[in-house]
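Biologist: Before I rely on words such as buried, parallel or paired, I would like to hear what stands behind each of them. Could we go through the structure with that in mind?

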Amino acid sequence: QQKIYMILYSLPISNYCGKVLLVIRFKALECEVVPPKGGYGSDEYKRIVPTGTIPALDHDGIIYSESEVINEYLNEIHPEPDLLPGSAENRASIRMLCRFHDLKMEPIVRSLFPSMNPAKRDLQMVEMRFDEMNSLLTTMRQLIKPDPFLMGTSPSLADCAFAQTLMLAQMMWLELGSPLPIGDELENWQETMNRLKSVMSVLEPAREATEKWLGGKRLSA
């Protein structure tokens, strides 16, 4: 039996884990995917991963955390297919989109997690977040160069960043009674991504975990 030399600590519900899993799938890397030992943030897990966060990568005993750090590391040590392709300008644009995801869009989605419980829903705050998300989507459509992936003819780290987060946002917005309008370009991109078996191997378990999470929030109201 061949030795597993990479372990990814991950949960399907986490869109940041989804970012890393997509890189692993696109590169067809051998990697054992396991939940955090003792649970997310537990003392047992922190003995392995000091930050206590997911995703985390154990590569031959060296621990890496933070999804974007892991993804750039994987792209360096396994350069094919290159998920930071093209010119220096193109690579910078991909990195900019990844930062836009982590620092702008994902926090808006995350801020609405408490509102998935109807009893804790602040409708004024929800409407404000809806407006902020629409503004961010307008900006995103100006940053991308779909052809048919976000930044050209092949997948990049940017595609890995947004795939699960936009799916999560769409599911949450529907739960809040207002479908999320992402626009034709991003809808076409989603259709392209969803035709790829590597992508669906990540998004299908994520969708199932999200539906279970949303159902639990409804019941707890």
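Modeller: The discussion below takes up the sheet, then the helices, then two loop residues, and the model is a predicted one.

Biologist: Let us begin with the sheet: how many strands form it, and in what order?

Modeller: The sheet is open and has 4 strands in the order 2-1-3-4, with mixed pairing. Strand 2 (32-34) and strand 4 are the edge strands, and from one strand to the next the twist averages 20 degrees.

Biologist: What makes strand 2 and strand 4 edge strands?

Modeller: Each of these two strands pairs on one side only.

Biologist: How do you know that strand 3 is paired with strand 1 and with strand 4?

Modeller: The criterion is at least two bridges between two strands. Strand 1 (residues 6-9) is joined to strand 3 by 4 bridges, and the two run antiparallel; strand 3 and strand 4 (residues 62-65) are also antiparallel, over 4 bridges. Individual positions can be followed across the sheet, since L8 stands opposite L57 in strand 3, while A56 stands opposite S65 in strand 4. In the hairpin of strand 3 and strand 4, 2 residues lie between the strands, and D60 takes a positive phi near 55 degrees.

Biologist: Which way do the residues of strand 3 point, and are they buried or exposed?

Modeller: A56 and D58 point one way, L57 and H59 point the other way, and all are buried. In general, side chains of a regular strand alternate between the two faces of the sheet.

Biologist: Turning to the helices, why are helix 1 and helix 3 called roughly parallel?

Modeller: The axes of helix 1 (residues 15-26) and helix 3 (residues 67-77) cross at roughly 5 degrees and come within 9 Å. Angles under 35 degrees count as roughly parallel, and helix 1 and helix 3 are therefore described in that way. Helix 1 contributes Y16, K19, V20, V23 and I24 to the contact, and helix 3 contributes S67, E68, I70, N71 and L74; by class, there are 6 nonpolar, 2 polar and 2 charged residues.

Biologist: What makes helix 1 largely enclosed, and how does its length compare with what is expected?

Modeller: Helix 1 is largely enclosed by the rest of the structure because 11 of its 12 residues are buried; among them are C17, G18, L21, L22 and F26. As for length, its 12 residues should span 16 Å at 1.5 Å a residue, and the end C-alpha atoms are 16 Å apart, so the two values agree.

Biologist: What does helix 3 lie across, and which elements do its buried residues pack against?

Modeller: Helix 3 lies across strand 1, strand 3 and strand 4, running at about 35 degrees to strand 3. Its buried residues, including I70, Y73, L74 and N75, pack against strand 1, helix 1, strand 3, strand 4, helix 4 (88-111) and helix 6.

Biologist: Why is helix 6 said to be roughly perpendicular to helix 7?

Modeller: The axes of helix 6 and helix 7 (residues 184-194) cross at roughly 110 degrees and come within 11 Å. The range for roughly perpendicular is 65 to 115 degrees, so helix 6 is placed in that class relative to helix 7. The contact involves D159, F162, A163, L166, M167 and Q170 of helix 6 together with W189, Q190 and M193 of helix 7, which by class are 6 nonpolar, 2 polar and 1 charged residues.

Biologist: Finally, how do you know that V49 and S156 are buried, given that each is in a loop?

Modeller: Buried means under 20% relative accessible area. V49 has a relative accessibility of 1% and therefore counts as buried, and S156, also with a relative accessible area of 1%, is therefore buried. V49 is in the loop between helix 2 (43-46) and strand 3 (56-59), and beyond its neighbours within four places in sequence it is in contact with Y9, A56 and I63. S156 is in the loop between helix 5 (123-143) and helix 6 (157-175), and S156 touches L83, P85, I94 and M151, not counting residues up to four places away in sequence.

Notes: Residues are numbered from 1 along each chain as its sequence is written. This is a predicted model: local features need pLDDT of at least 70, side-chain atom pairs count only at pLDDT 80 or more; totals for chains, interfaces and linings use all residues. Side-chain values use heavy atoms; hydrogens and water are left out. Buried means under 20% relative accessible area, exposed over 50%, partly exposed in between (1.4 Å probe, protein chains only). Contact means heavy atoms within 4.5 Å. Axes are lines fitted to C-alpha atoms, for helices over the stretch in contact, and angles run from 0 to 180 degrees between N-to-C directions. Angles under 35 degrees count as roughly parallel, over 145 as roughly antiparallel, 65 to 115 as roughly perpendicular and the rest as oblique. Ala, Val, Leu, Ile, Met, Phe, Trp, Tyr, Cys and Pro count as nonpolar, Asp, Glu, Lys and Arg as charged, and the others, Gly among them, as polar. The expected span of a helix is 1.5 Å times one less than its number of residues.
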